[in-house]
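Biologist: Please take a close look at one loop of this model, and then follow the chain outwards from there to whatever surrounds it. I would like a connected account rather than a list.

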Amino acid sequence: MPNQICNLEKCTGCFACMNICPRDAVTCGTDQYRKTIPYIEAEKCIECGLCLKVCPENNPPKKNYPSECYATWSRDEQERKYCSSGGVATELSRYFIGEGGTVYGAAFDQELKLIHQASENLDQLERFKGSKYVQSYTGMIFRDIKERLKEGKKILFIGTPCQIAGIRNYLGREYENLLLVDLICHGTPPMEYLKEYANAVTEGKVTDISFRGKRNWRLTLYNDQKVIYSVRSEKDYYFTAFLKSMIYRDNCYQCQYAVSERGSDVTIGDFWGLDRSSLKNPYNGRISVVLLNTKKSKEIWEKVKDRFYFEQRTVEEAVRGNAQLRRPSICHSDRELFLKNYTPGNFATAVRTPGMKKEIRKGRIKDSLPYRVARKIKNSMRWYK
């Protein structure tokens, strides 16, 4: 019996291994830093080796270089207000629901766990909107997807690149009725970090969390519909630690999926680095990048493109503007100190490293009125040079 399925420093927590096990001998646990990892129950294991074979770290799936790239935003102005970027995931989801299909995305449950769930109607899609800067738990959902695919159901799965790799290896074959969409991912912190932080900075019960969307670039915590905490990203410790790459899983800093070649059918994210001055249809709002990586993705694009304003761009422009299409995130210099100080339950204290405190001070200075006025004056002076 294997002691572990792969090198745990490289384990992504996709849990393809847990889904494939015929005896349910693989279970989900956490290490000392609250990272989800698989454990093998010796008394149940029959040493079939399926968990080793399905693991994407042991058997990396095929990747493709994108054939087409688009700058994209939804034609629905109301939808754009609540989406992190241009609303591509929402419009794709609407299309699949309209076709009688099922959409799998990540949503917070009542205990603030981010869990991949199924949605079969438009109302349920609301839970999937917005960026969620924490790792989601896929659980046994790959099994559910496989059963629905066998029944001929149309399936849209939206997740991180490592989750896409997990489901590809688990399924072991292509399904024409399945579209896999990956998000351009910077890294994923363990979900316990966010729960601990939310509990530390509020006194009331937190029922929902938002990072992007209507309150863009703010960590906003809700009790039902009431806002009980809302702080700009550069002044919030969790948000800053995420953006500065201090609190991801170990594997994120050596991610094999942070490359131009993609394992999904479609890749979406913010179109950082877009030359807006060259857009034929000028637009100052949030714009998504859409990368089409397979023949299947082109066929779907033809069916949904009328839902968007879009302009074709070069793949190279998208790669230039987004570092995670070239390399993994580089960890912050205080990461080791954070890990040294962290114990379960004290995230809000451990995250306040000297480096993070310095980042927060800079964020507060940049948000001050004198700084903002000086910046506006400096920008306006450019016209006179």
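Modeller: Helices and strands are here taken as DSSP runs, of at least four residues for a helix (H or I) and at least two for a strand (E), and they are numbered from the N terminus. The model is a predicted one, and everything below should be read as a description of that prediction. With those terms, Asp24 is placed in the loop between helix 1 (16-20) and strand 1.

The backbone at this point deserves attention. Most residues other than glycine have a negative phi. Asp24, although not a glycine, has a positive phi of about 50 degrees. Its relative accessibility is 38%, so Asp24 counts as partly exposed, a class that lies between the limits of 20% and 50%.

Beyond this loop comes strand 1 (residues 26-30), which pairs with strand 2 (residues 36-40) in the antiparallel sense, over five bridges. One of the pairs can be named: Gly29 has Ile37 of strand 2 as its bridge partner. The two strands form a hairpin with five residues between them, and Arg34 is found in the loop that joins strand 1 and strand 2. Arg34 is a residue other than glycine with a positive phi, near 70 degrees. Its relative accessible area is 23%, and Arg34 is therefore partly exposed.

An enclosed space also belongs to this picture. The model holds six cavities of 30 Å³ or more, and the second largest cavity has a volume of about 120 Å³. It is lined by 18 residues, and those closest to its centre are Cys21, Val26, Cys45, Cys48 and Cys51. Helix 1 supplies at least two residues of that lining, as does helix 2 (50-54), and helix 2 gives the largest share, with three residues. By class, the lining divides into 14 nonpolar residues, one polar residue and three charged residues.

The largest cavity has about 150 Å³ of space. Of its 16 lining residues, Pro161, Cys185, Gly187, Cys252 and Cys255 are the closest to the centre. Its lining is made up of eight nonpolar, seven polar and one charged residues.

From the hairpin we can turn to the open sheet, in which eight strands follow the order 5-4-6-7-11-12-3-13 with mixed pairing. Strand 5 (114-119) and strand 13 (308-313) stand at its edges, and each has a single partner strand, so one side of each is left without a neighbour in the sheet. On average, and with direction ignored, neighbouring strands of this sheet are turned by 25 degrees against each other.

Within the sheet, strand 6 (residues 155-159) and strand 7 (residues 178-183) run parallel and are joined by five bridges. At one of these places, Gly159 has Asp182 in strand 7 as its bridge partner. Helix 4 (residues 88-98) lies across strands of the sheet, among them strand 3 (68-74), strand 11 (266-270) and strand 12 (288-292), and runs at about 160 degrees to strand 6.

An open space remains to be described, namely the second largest pocket, in which about 700 Å³ of space lies. This pocket is lined by 22 residues, of which Glu126, Asp208, Ile209, Ser210 and Tyr222 are the closest to its centre. Strand 4 (102-108) and strand 8 (208-210) each supply at least two residues of the lining, and the largest share, three residues, comes from strand 8. In contrast with a mainly nonpolar wall, this lining has six nonpolar, seven polar and nine charged residues.

Ser210, one of the residues closest to the pocket centre, also leads to Arg218. Arg218 lies in strand 9 (residues 218-223), and at 25% relative accessibility it counts as partly exposed. Leaving aside residues up to four places away in sequence, Arg218 touches Ser210, Phe211, Ser230, Val231, Arg232, Ser233 and Phe239. One of these contacts, Ser230, is 12 residues from Arg218 in sequence, while their C-alpha atoms are 6.2 Å apart in space.

Note on methods. Residues numbered from 1 in each chain as written. Predicted model: local features only at pLDDT ≥ 70, side-chain atom pairs only at ≥ 80, totals over all residues. Heavy atoms only, no water. 1 Å grid on protein atoms, 1.4 Å probe; cavity = no way out; pocket = protein on both sides within 12 Å on 5 of 7 lines; lining within 4 Å. Points joined across faces, edges and corners; volume = space filled by probe spheres on them. Nonpolar A, V, L, I, M, F, W, Y, C, P; charged D, E, K, R; others polar. Pairing = 2+ DSSP bridges. Axes fitted to C-alpha atoms, helices over the stretch in contact; angles between N-to-C directions. Contact = heavy atoms within 4.5 Å. Buried < 20%, exposed > 50% of the residue type's maximum accessible area, 1.4 Å probe, protein only.
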